[in-house]
Amino acid sequence: MIARVLVDVPVKAVDRLFDYEVPDFLREVIELGMRVSVNFGNRVLMGYVLELAEKSDYQDEIKPLRSVLDLESYLTEELIDLAWKLHSETATVMIKVIETILPAALRATYKTRLEVVDPGLLPDSLKPSFLTAKTVYLGNELDNVMKEVKNALSQGAIRQKIEIKSKSGARNVRVVKLLSSVSEAKTARQNEVLEYLRNTEKQSESMVQLTKRLKVSPSVIEALEKNGLVKIESQEEYRELFSLIDMPDKTIVLNQEQQEAYMSINAKLNENVTFLIHGVTGSGKTEIYLKAIADVIASGKEAILLVPEISLTPMMVSRFKNRFGDNVAVLHSGLSIGEKFDEWRKIIRHEVKIAIGARSACFAPFTNLGLLVVDECHESSYKQDEMPKYYALDVLEERSKYYHIPIILGSATPNIESYARHKRGYYELLELKNRALNARLPDLEIVDMKTEFKQGNSRLISELLRNEINLRLDRNEQTILLLNRRGYSTFVICRNCGHVFTCPNCDISLTYHEADHTLKCHYCNHKEPVPKICPKCDSTDLRYFGSGTQKIETELQELFPEAKIVRMDSDTTKTKNAHEKLLYKFENEGDILLGTQMIAKGLDFPRVTLVGIIQADGNLYSPDFRAPERTFQLITQVAGRAGRRDVAGKVIIQAFNPNHYAIKYAFEHDYKGFYEYEMQLRKLAKYVPFYYLTQIVFAGEKMRDLFIAAKAAVKQIKELLSLEAIVLGPSLPLVPKIRNLYSCQIIIKYRHEPNLNQVLAKIKSDYENELIRVTIDKSPSLS
């Protein structure tokens, strides 16, 4: 029996499967997708069994597998097929694709273990290190005696072995089990333990809980085991995920629009169809998801629900767990390595039927899927920006074809290409034009900040917004304020010579952060103290320009000293469960929630009746053809947080360019008008959905070398693709240098290029080397 193994070496020279013989003792154990230990050259490496065969085409002697690292496989056959497709689409080495799919706990760490073979041959300089412990790991403590270690190794005094370990593993706890329910112990404390165990449901308890609750020492329990009254054993235990947010399950009667949408989905649960639910904010899309998933679970199948932000996960998980109990697994980057490993194993072991999470949950290892749901399907966070650059919706589309099941895409502002697919007959549109619970859409008002400044108000908060916030504070109602830029000031400039403080590693200005009085780079995380003088001219006349959430927070504290303000951006949400804690704090005691785009969608707080959008046009003029669409989506989404219950909501949009079409259509709640206008522009410019886009990025330390290679690549691409393909570049991206690496890009616009994957793989193979890194992105308009 032959196992074809992908070894844990992320280089293209070994980006293929290697044949290994399965020894007799592993023949009944080995499974597709298992992690194994193999000899590879003179090294011991971890690998994944991606194929099994009866015999090999390799003519020479085949090495046997050393061992299996797990007794269960964490990769399904379907996920392996999906990995090969991603490998082809993204031109990424296969091991990186596998690592992207699997939880980080399964990635290998390698440690060199040194063992004493003959103590008599050890030199005196090594005896203090080796004779106190027979096993020593190669590390910093041996740096001063490395020459002696090497000599001892060659003389046979010591030998080295490579240990393969996972980054995390199963958590085991000591559990005390009662063996006899009638026996008595010798001491009162021991009898107290026995009495406690008799009264538990399973007549068992963890050692930690037992000693903590009864305030007894472990020796008391160990004495009971010695006398045969209890048994202490090690048991695997899942790490528990706690939630502060409790959203009780309510029996909600669907309105007519919801019922019609639900019935349309229910009628096609066994078909490979994509439903696009286009519903206004607060129209009750989640309740449709819940009912459709309940039908799928009742039929014995499984479901995946994607949400765009970690901040939305606790609210959605709470709602689903109250409906489906412990039948739900959670997968997102906010979990610890061990927690994500546990959730993954719950799915592999068929202990749950629903997975909820952000982008990475699209790989949940179910084997009997019945429904795939993507909430807020327009969000760019479903796209991974690191290699392999996959788009979660594309992954789910492949999985829906494999299982022949439907996908539900839900959004108040679907992206242009999704709506275009409905227009062309690829998606089935389900519309929800009214809010649930008889709530009405909020009233919108636009403030022209040019006029505000002319009237003498130099603050970032307009007079109208200030008055409306005061009104909400008086009524004990809540306000949400959006500014899609974190930090305090966007850049610092010397007014004497014009010098702007920039990052030494990136071509970008440093952002001032008031909280710790530092300048920070939001690309590479470089941080430095706030300067007192200009390094170019020694002037002290430094000025802070621009504004971020920290600056708005300071202004709010001055204007509303009694208000309880909760700020939510990537600076305040770095710690574990920070999203959930901040939302819980706002819901229970906050007056104003200030944040970046992470607060713009999915949040449902009954007391929020006012939304203020500060600098609504702040991103309109970035060099991205999607900028108007993202502005329209952001305004519409955050406006939808207001007035979701009985009290009417109000939205104030502050902008310097209030007449821009994106703001105008958002103000009028006119998605279709925006869609038609945007489609005309994209047709003229040959952008999606009229053309597909692919981006090739060349990155390295020398700009000249990059452009020479990229120009040659452009010539080659034009020769290999059809005449209809449009190849642009090479050109500089928005930020030409990030983390001390320069980059240039090539953009390909095309309609139908069947050989594109092969061409991209050839370009990567021909031009990537030690000095130049080539990355492929087939959805560049989504990042």
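# Reading the helices and strands of a predicted model

Reply: Let us open with a pair of helices: α1 (residues 77-90) and α2 (residues 94-101) have axes that come within 9 Å and cross at roughly 130°. That angle makes α1 oblique to α2. Bear in mind as we go that this is a predicted model.

Me: Thanks! How are two packed helices described in general, and what is the handedness of the crossing where α1 passes α2?

Reply: Two packed helices are described by the angle between their axes and by the distance between those axes. Here, α1 passes α2 in a right-handed crossing. On the α1 side the contact is made by Leu 79, Ile 80, Ala 83, Trp 84, Leu 86 and His 87, and on the α2 side by Met 94, Val 97, Ile 98 and Ile 101. These residues divide into nine nonpolar, one polar and no charged.

Me: What should I know about the way residues point along a helix?

Reply: An α-helix has 3.6 residues a turn, so residues three or four places apart point the same way. You can keep that in mind while looking at the next helices in the model.

Me: Which helices could I look at next, and at what angle do α18 and α20 pack?

Reply: Take α18 (627-639) and α20 (671-685). Their axes are 11 Å apart, and the packing angle is about 170°. Angles over 145 degrees count as roughly antiparallel, and α18 and α20 are therefore roughly antiparallel to each other. From α18, Pro 628, Glu 629 and Phe 632 make the contact, meeting Tyr 671, Phe 674, Glu 678 and Arg 682 of α20. This contact divides into four nonpolar, no polar and three charged residues.

Me: Which residues of helix α13 are buried, and what do they pack against?

Reply: In α13 (residues 416-423), the buried residues are Ile 416, Glu 417, Ser 418, Tyr 419 and Ala 420. They pack against two strands and the two helices we just met: β12 (274-279), β18 (427-432), α18 and α20. After α13 comes Gly 425, with a positive phi near 90°.

Me: Let us turn to strands. In what sense do β1 and β2 pair, parallel or antiparallel?

Reply: Strand β1 (residues 2-7) pairs with β2 in the antiparallel sense, over four bridges. To find one of the bridges, look at Ala 3, whose partner in β2 is Tyr 20. Strand β2 (residues 18-21) also has two faces: Phe 18 and Tyr 20 are on the covered one, while Asp 19 and Glu 21 are on the uncovered one.

Me: What are the bridge partners of Val 175 in β11 and in β10?

Reply: In β11 the partner of Val 175 is Glu 233, and in β10 the partner is Ser 206. Strand β9 (residues 172-178) and strand β11 (residues 230-236) pair in the antiparallel sense over seven bridges. Three bridges join β9 to strand β10 (residues 204-206), and these two also run antiparallel.

Me: How do I read a sheet of six strands, and what is their order?

Reply: Go from strand to strand across the sheet. This is an open sheet with parallel pairing, in the order β19-β29-β28-β20-β27-β26. The edges are β19 (443-448) and β26 (565-568); each has a single partner strand, so one side of each is left without a neighbour in the sheet. From one strand to the next, the twist averages 15°. At one edge, β26 pairs with β27 (residues 592-595) in the parallel sense over four bridges, and Arg 567 stands opposite Leu 594 in β27. Helix α18 packs on the sheet, where it touches β20 (478-482), β28 (608-613) and β29, and its direction makes about 160° with that of β28.

Me: Where is Ala 655, and is this residue buried or exposed?

Reply: Ala 655 is in strand β29 (residues 650-655). With 0% relative accessibility, Ala 655 counts as buried. Leaving out residues up to four places away in sequence, Ala 655 touches Val 447, Asp 448, Met 449, Ala 616, Asp 617 and Ile 663. As for Leu 86, the C-alpha atoms of Ala 655 and Leu 86 are 42 Å apart in space, with their positions 569 residues apart in sequence.

Me: And is Glu 724 buried or exposed?

Reply: Glu 724 counts as exposed, at 62% relative accessibility. Look for Glu 724 in the loop between α21 (703-720) and β31 (726-731). The C-alpha atoms of Glu 724 and Lys 749 are separated by 8.8 Å, while the two residues are 25 residues apart along the chain.

Notes. Residues are numbered from 1 along each chain as its sequence is written. This is a predicted model: local features need pLDDT of at least 70, side-chain atom pairs count only at pLDDT 80 or more; totals for chains, interfaces and linings use all residues. Side-chain values use heavy atoms; hydrogens and water are left out. Axes are lines fitted to C-alpha atoms, for helices over the stretch in contact, and angles run from 0 to 180 degrees between N-to-C directions. Angles under 35 degrees count as roughly parallel, over 145 as roughly antiparallel, 65 to 115 as roughly perpendicular and the rest as oblique. A crossing is left-handed if the near helix is turned anticlockwise from the far one by less than a right angle, and right-handed if clockwise. Contact means heavy atoms within 4.5 Å. Ala, Val, Leu, Ile, Met, Phe, Trp, Tyr, Cys and Pro count as nonpolar, Asp, Glu, Lys and Arg as charged, and the others, Gly among them, as polar. Buried means under 20% relative accessible area, exposed over 50%, partly exposed in between (1.4 Å probe, protein chains only). Two strands pair if DSSP finds at least two bridges between them.
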